[in-house]
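Okay, thanks everyone, I'll keep this brief. I want to talk about empty space inside a protein, so let's get the model up on the screen.

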Amino acid sequence: MNNPFPYSEDNKRYYTWSHYLKTKYKNKVFKVALNANFTCPNRDGTCGVGGCTFCSSYGSGDTIEDKFEPLDVQYESNLKIMQHKWPKGNAIAYFQAYTNTYGSVKQVSEMLKPFLFKDEIVAISLATRADCLSDEMIEYLDFVSRKKDIWIELGLQTTNDKIAKSLNRGHDYQCFLETVERLSKTNLKICVHLMNSLPGESKEDMIQNAYKVGQLPIHAIKIHMLYILKDTVLGKSYLQHPFPMLDKDDYIDVVVSQLEVLPKHIIIQRLTGDGMRGEQIGSEWMFKKTIVLNDIDKAMVARNTWQGKVLETK
Ligand code: SF4
């Protein structure tokens, strides 16, 4: 069989996010990242303190422009930046920092309300955790999805509870599975985040993470390297006790193998992340995102492989 992803616009061998967006909305769609100033249950003492060991004090929202401004100001200024490049593009309001469903339904509905009536917004994306989605919250978000598409971005990072515990994640894989099951009965779209190169995980473990998640009723996945930031628990411990990190070639090798075990219908939202120059320890190659993505394409051609290929032969 030949590559089943011969998209003329990007010539990738996997189901790209850009292809999904172009096909669905018939327009350029970009994300506008926002910080709604929530916290996380593993920061405020509910199930831990200090947050995930790799996470900065900005709760994964380090790169958001104007992150301390009110939400409407953040949105307008970030939208302007994106519209400078794509004046007629549509937006996804991306609540990126912290856990955006860690509050009451009233709080979340007040946060979302202004964004439900903006014409340029085609979807809303909420970064959150599996342990912060009550039935009531899911029911509310499902209701809202009649107005705008709603993506629930679940940070999982690993399916291995021991490693999740060592990262102070504060919830386990079973909790994640139960939440995915509840979400799958709604119109909400599920995107799962996985992180490669976590301390203690082998290449095979990383591939298994992708395989296991790919068997679930999810719509999309984001994969990226672990970023070790200086001013984090993990960063401080890494400087005392370094552990092996994937280099660029290893990372590409793992990602291609992960794509091979992901079913073809799963959208690949990202295969690289945004590091923090000056804040990050090592792995400088990660800043060259275009090179990494091109090298993933080249490796797929060299291996004559594509997303889901291994599943076809099982
Ligand atoms: S749940 Fe997300 S935002 Fe919260 S500490 Fe962990 S990685 Fe950071």
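Before anything else, the residue classes: Ala, Val, Leu, Ile, Met, Phe, Trp, Tyr, Cys and Pro count as nonpolar, Asp, Glu, Lys and Arg as charged, and the others, Gly among them, as polar. This is a predicted model, where local features need pLDDT of at least 70, side-chain atom pairs count only at pLDDT 80 or more, and totals for chains, interfaces and linings use all residues. Residues are numbered from 1 along each chain as its sequence is written, and side-chain values use heavy atoms, with hydrogens and water left out.

So, how many cavities of 30 Å³ or more turn up in the whole structure? The search finds 3. A cavity here is a set of points on a 1 Å grid over the protein atoms alone where a 1.4 Å probe fits but cannot get out, and lining residues have an atom within 4 Å of a point. Points are joined across faces, edges and corners, and volume is the space filled by probe spheres set on them.

The largest holds about 720 Å³. It has 36 lining residues, and Phe 54, Gly 59, Ser 60, His 193 and His 224 are the closest to its centre. By class, that lining is 12 nonpolar, 16 polar and 8 charged.

Now the second largest, at about 60 Å³. Its lining includes Leu 156, Arg 169, His 171 and Phe 176. The split there is 4 nonpolar, 3 polar and 3 charged.

Notes:
On a 1 Å grid over the protein atoms alone, a cavity is a set of points where a 1.4 Å probe fits but cannot get out, and a pocket is an open set with protein on both sides within 12 Å along at least five of seven lines; lining residues have an atom within 4 Å of a point.
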